[in-house]
Amino acid sequence: MGFVYYILPDGREAGYGVEAECDDPECHRRIDRGRGYLCGHNPLGSKEDDEAGCGNYFCHRHLPDHRCPLPECGVRCDDELPCSLVAGHHRPHRNTVARPGRRPRRRAPPGHP
Ligand SMILES: [Zn+2]
Ligand SMILES: [Zn+2]
Ligand SMILES: [Zn+2]
């Protein structure tokens, strides 16, 4: 399925066909509301409690730097990809961008029970 245009649960328009400004209040850079600018991983805004991302859209300068209330953990986990759960989460590190269907190996977390 494509995400050219859709309505977010909060009523905002999104999709890579939707032009918008960076959601940083002082930045007026033109972006679109495609997944490449999304802070988070689920374009429809629904996510599990411990997934990172505030669901706003930022230019490439502000995407990694916008005082996100739900910053990514970022610890390298399986496949050497950074963990995309929210910092301080409780379940094992996991990245949500890995291809579905590949089972992550179970690994005992070091040190902690
Ligand atoms: Zn910006
Ligand atoms: Zn954010
Ligand atoms: Zn993590």
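A nonpolar core is a set of buried Ala, Val, Leu, Ile, Met, Phe, Trp, Tyr and Cys residues joined through C-beta atoms within 7 Å. A residue is buried if 20 or more other C-beta atoms lie within 10 Å of its own, with C-beta atoms placed from the backbone. The model is predicted: local features need pLDDT of at least 70, side-chain atom pairs count only at pLDDT 80 or more, and totals for chains, interfaces and linings use all residues. Residues are numbered from 1 along each chain as its sequence is written, while chains are lettered from A and ligands numbered from 1 in the order in which they are written.

**Exercise 1.** List the residues of the largest nonpolar core, then the contacts of Phe 58.

Solution.
1. The largest nonpolar core holds seven residues: Cys 22, Ile 31, Tyr 37, Leu 38, Cys 39, Tyr 57 and Phe 58.
2. Two residues are in contact if their C-beta atoms, placed from the backbone, lie within 7 Å.
3. Leaving out residues up to four places away in sequence, Phe 58 touches Cys 22, Asp 23, Asp 24, Tyr 37, Cys 39, Leu 63 and His 66.
4. Of the protein's 113 residues, 18% count as buried.

**Exercise 2.** Describe the strands and their pairing.

Solution.
1. Helices (H or I, at least four residues) and strands (E, at least two) are DSSP runs, numbered from the N terminus.
2. The protein has zero helices and three strands.
3. Strands pair if DSSP finds at least two bridges between them.
4. The three strands form an open sheet in the order S1-S2-S3, with antiparallel pairing.
5. Strand S1 (6–7) and strand S3 (30–33) are the edge strands, each pairing on one side only.
6. Two bridges join S1 to strand S2 (residues 13–21), and Ile 7 stands opposite Glu 13 in S2.

Definitions and conventions: Buried ≥ 20, exposed ≤ 12 C-beta atoms within 10 Å, placed from the backbone.
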